[in-house]
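Please open the model in your viewer and keep the sequence panel beside it. The tour below moves from one selection to the next and says what is found at each stop.

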Amino acid sequence: MSAQVHVPSLFARVGTASALTLAVTSSMLAPGLVSDAEAATAHSTKALKVAASKKGAPYKYGAAGPSRFDCSGLTLYSFKKAGKKLPRTAQQQYNKTRHIAKSQRKRGDLVFFHSGRSVYHVGIYAGAGKIWHSPKSGDVVRLAKIWSKSVWYGRVR
């Protein structure tokens with residue numbers, strides 16, 4: 001009888017530890033992460049973690065890290081650290097990604113802001129309608145709510 005008591009107890013502990021580990025790991029990747037349903041591929045998750053680690057780094061036009069970034073410089077740097085190569089500009093990055101619908105977006109996907117057919121800004125989707133990005137001169141890398149409906153989504157291949 002004691003074996004029956006200890007075995008379920010052991011499984012309960014393992015299940016709890018796994019859930020706790022998952023919760024802690026997910027929240028450490030980047031603030032703003034939400035459900036497992038939005039889980040991304042390993043390289044996208046790593047890129048998201050890298051971008052979040054640059055919180056507070058100053059914006060500088062044309063910069064691609066490691067301490068200053070423009071928008072596409074942050075995505076370029078983050079994915080490079082995750083083992084994926086991206087072109088330099090937001091428009092070039094959009095052209096290189098697999099385009100996906102909003103309903104298919106996952107953490108680590110790229111979010112492209114556009115005017116007409118021209119992409120002018122990019123960030124990394126963090127879940128819950130938020131992105132990590134390097135906004136503009138005088139600002140810093142930060143987590144922000146997606147502020148426009150004029151966005152496209154792309155997944156790095």
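Begin by selecting helix α3, where Cys71, Ser72, Gly73, Leu74, Thr75, Leu76, Tyr77, Ser78 and Phe79 are buried, a word used here for residues with under 20% relative accessible area, while exposed means over 50% and partly exposed lies in between, computed with a 1.4 Å probe and with protein chains only. Because 9 of its 11 residues are buried, α3 is largely enclosed by the rest of the structure. To see what surrounds the helix, add α2, α4, β2, β3 (118–127) and β4 (130–133) to the selection, since these are the elements against which the buried residues of α3 pack; a contact means heavy atoms within 4.5 Å. Just after α3 comes Gly83, whose phi is positive, near 90°.

This is a predicted model, in which local features need pLDDT of at least 70 and side-chain atom pairs count only at pLDDT 80 or more, whereas totals for chains, interfaces and linings use all residues. Residues are numbered from 1 along each chain as its sequence is written, and side-chain values use heavy atoms, with hydrogens and water left out.

Now zoom out and colour the protein by secondary structure, which shows 4 helices and 6 strands; helices are DSSP runs of H or I with at least four residues, strands are runs of E with at least two, and both are numbered from the N terminus. Along the sequence the order is α-α-α-α-β-β-β-β-β-β. Of the 157 residues, 42% count as buried, and among contacts with a separation of 6 or more, 55% are between residues 24 or more positions apart.

Next, go to the loop between α2 and α3 and select Gly65 together with Pro66, which is in that loop as well. The peptide bond that joins Gly65 and Pro66 is cis, with omega about 5°. Most peptide bonds are trans, and most residues other than glycine have a negative phi. Gly65 is partly exposed, with a relative accessible area of 32%. From Gly65, draw a distance to Ser78, which is 13 residues away in sequence and 9.2 Å away in space, C-alpha to C-alpha.

For another backbone feature, move to Ala128 in the loop between β3 and β4. Its phi is near 55°, a positive value in a residue other than glycine, and at 43% relative accessibility Ala128 counts as partly exposed.

How many salt bridges does a search of the whole structure find? There are 3, where a salt bridge is a side-chain nitrogen of Lys or Arg within 4 Å of a carboxyl oxygen of Asp or Glu.

- Select Arg88 and Asp70, whose side chains meet at 3.1 Å, N to O. The pair links distant parts of the chain, with Arg88 in the loop between α3 and α4 (90–96) and Asp70 in the loop between α2 and α3, 18 residues apart. Arg88 is partly exposed at 27%, while Asp70 is buried at 7% relative accessibility.
- Select Asp109 and Arg155, whose side chains form a salt bridge at 2.8 Å, N to O. Asp109 lies in the loop between β1 (98–100) and β2 (110–115) and Arg155 in strand β6 (residues 151–155), so the pair ties together parts that are 46 residues apart in sequence. Both residues are buried. Arg155 also touches Thr97, Arg98, Ile100, Gln104, Arg105 and Lys106, leaving aside residues up to four places away in sequence.
- Select Asp139 and Arg142, where the closest N and O atoms are 3.1 Å apart. Asp139 is buried at 16% relative accessibility, whereas Arg142 is partly exposed at 33%.

Finally, switch to a surface view and select Lys46, Lys49, Lys80, Lys81, Lys85, Lys96, Arg98 and Arg157, which gather in a patch of positive charge. Such patches are made of residues with over 30% relative accessible area and no salt bridge, with like charges joined within 9 Å. Helices α2 (42–53) and α3 (71–81) each supply at least two residues of this patch. Lys49, one of its members, is in helix α2 and counts as partly exposed at 47% relative accessibility.

Technical notes: Patch = residues over 30% accessible without salt bridge, like charges linked within 9 Å, V, L, I, M, F, W, Y side chains within 5 Å. Areas by Shrake-Rupley, 256 points an atom, 1.4 Å probe, with all protein chains shown as cover. Lys, Arg positive; Asp, Glu negative; His and termini not counted. Charge placed at Lys NZ, Arg CZ, Asp CG, Glu CD.
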